[in-house]
Amino acid sequence: MAKKLTLRGTQTETMEPIQKKNTRNRTTKKPKKKRMNKWLRAGLSGLAGAVAVTLVHETVRRFYPDAPRMDVLGMRAIAKGMRYAGQTPPPDDTLHTWSMVGDIISNGLYYSLVGGGKKALAKGTILGAAAGLGGVLLPGPMGLGTEPSNRTRQTQALTIGYYLFAGLVSAAVAASLRKVRR
């Protein structure tokens with residue numbers, strides 16, 4: 001019981017206010033389905049972009065002589081890092097496997113920056129074009145040689161195209177996963 005003062009200065013006892021029960025009918029409201037976690041969406045879209053660029057690269061290089069050889073750049077980078085650390089690089093077939101695994105991991109992390117927001121297509125396009133330009137312009141200054149990605153104009157265009165394609169794949173997957181509900 002709570003005490004209440006009245007205008008005349010006397011105290012009276014009043015009852016606690018009765019709490020209203022929620023009278024809303026809970027059966028009419030549908031339960032909300034949650035969206036997929038944004039980190040999971042970003043990771044899956046990045047992985048999709050990485051797998052796309054690796055598959056296109058590995059397929060085209062087997063049939064087209066002027067295709068970019070980003071796998072060779074990866075092998076050179078691993079071998080150079082191992083020599084710098086005082087280690088002997090493994091044989092070429094092992095280096096190639098390591099290069100492919102490293103490409104998928106690093107490209108997956110890179111393309112996960114596309115995220116899953118409303119601007120995924122713009123981000124995917126920008127990130128893909130930037131990666132392609134980096135693939136053409138950076139190997140020479142990094143001491144990895146220019147021939148694998150910069151041999152001809154067609155090689156340069158394909159390098160940029162591969163990475164742009166991966167950015168667009170990543171954006172498309174991110175946009176489709178944005179609609180997925182659990």
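This is a short talk on one predicted protein model, going from the overall fold to a few side-chain details.

I'll start with the chain as a whole. The protein chain has 182 residues, and 32% of them count as buried. Its secondary structure comes to 6 helices and 2 strands. Along the sequence the order is β-β-α-α-α-α-α-α. If you take the contacts with a separation of 6 or more, 66% of them join residues 24 or more positions apart. The accessible surface is about 12,500 Å², and carbon and sulfur atoms hold 62% of that.

Next, helix α1, residues 38-63. Its end C-alpha atoms are 38 Å apart, and 26 residues at 1.5 Å a residue should span 38 Å, so the two agree. The buried residues of α1 include R41, A42, S45, G46, G49 and A50, and further along A52, V53, T54, H57 and E58. Those buried residues pack against α2, α3 and α6.

There is also a nonpolar patch on the surface, made of L40, L44, L47, V51 and L55. Together these residues have about 410 Å² of accessible area. Take L55, which is in helix α1. Why does L55 count as exposed? Its relative accessible area is 55%, and the cut-off for exposed is over 50%.

Now helix α3, residues 92-111. This one has 20 residues and reaches 27 Å from first C-alpha to last, close to the 28 Å expected. Its buried residues are L95, H96, S99, M100, D103, N107, G108 and Y111. What do they pack against? The partners are α1, α2, α4 (120-137) and α6 (153-178).

At the end of α3 we come to the aromatics. A search of the whole structure turns up 1 aromatic pair. The pair is Y110 and Y111, with ring centres 5.2 Å apart and planes at 80 degrees, so it is edge-to-face. The two tyrosines sit in unlike surroundings: Y110 is partly exposed at 26% relative accessibility, whereas Y111 is buried at 0%.

On to the charged side chains. The whole structure has 4 salt bridges. In general, side chains of opposite charge can pair when their charged atoms come close.

E58 takes part in a salt bridge with R61, at 2.9 Å from N to O. Both residues lie in α1, 3 residues apart, which is about one turn of the helix. E58 also meets R62 in a salt bridge, at 3.3 Å. Here the two residues are 4 apart in α1, again about one helical turn. E58 is buried, with a relative accessible area of 12%, while R62 is exposed at 57%.

R69 forms a salt bridge with D71, and the closest N and O atoms are 2.9 Å apart. R69 is partly exposed at 27%, and D71 is buried at 0%. Through shared partners, salt bridges join E58, R61, R62, R69 and D71 into one network.

Last, a contact made by α6. L168 is in that helix, and is partly exposed, with a relative accessible area of 35%. Which residues does L168 touch, leaving aside those up to four places away in sequence? They are L121, G124 and T125. L168 and L121 are 47 residues apart along the chain, yet their C-alpha atoms are separated by 6.6 Å.

That is where I'll stop.

Terms used:
Residues numbered from 1 in each chain as written. Predicted model: local features only at pLDDT ≥ 70, side-chain atom pairs only at ≥ 80, totals over all residues. Heavy atoms only, no water. Buried < 20%, exposed > 50% of the residue type's maximum accessible area, 1.4 Å probe, protein only. Contact = heavy atoms within 4.5 Å. Areas by Shrake-Rupley, 256 points an atom, 1.4 Å probe, with all protein chains shown as cover. Expected span 1.5 Å × (residues − 1). Patch = residues over 30% accessible without salt bridge, like charges linked within 9 Å, V, L, I, M, F, W, Y side chains within 5 Å. Phe/Tyr/Trp six-rings, centres within 6.5 Å; stacked < 30°, edge-to-face > 60°.
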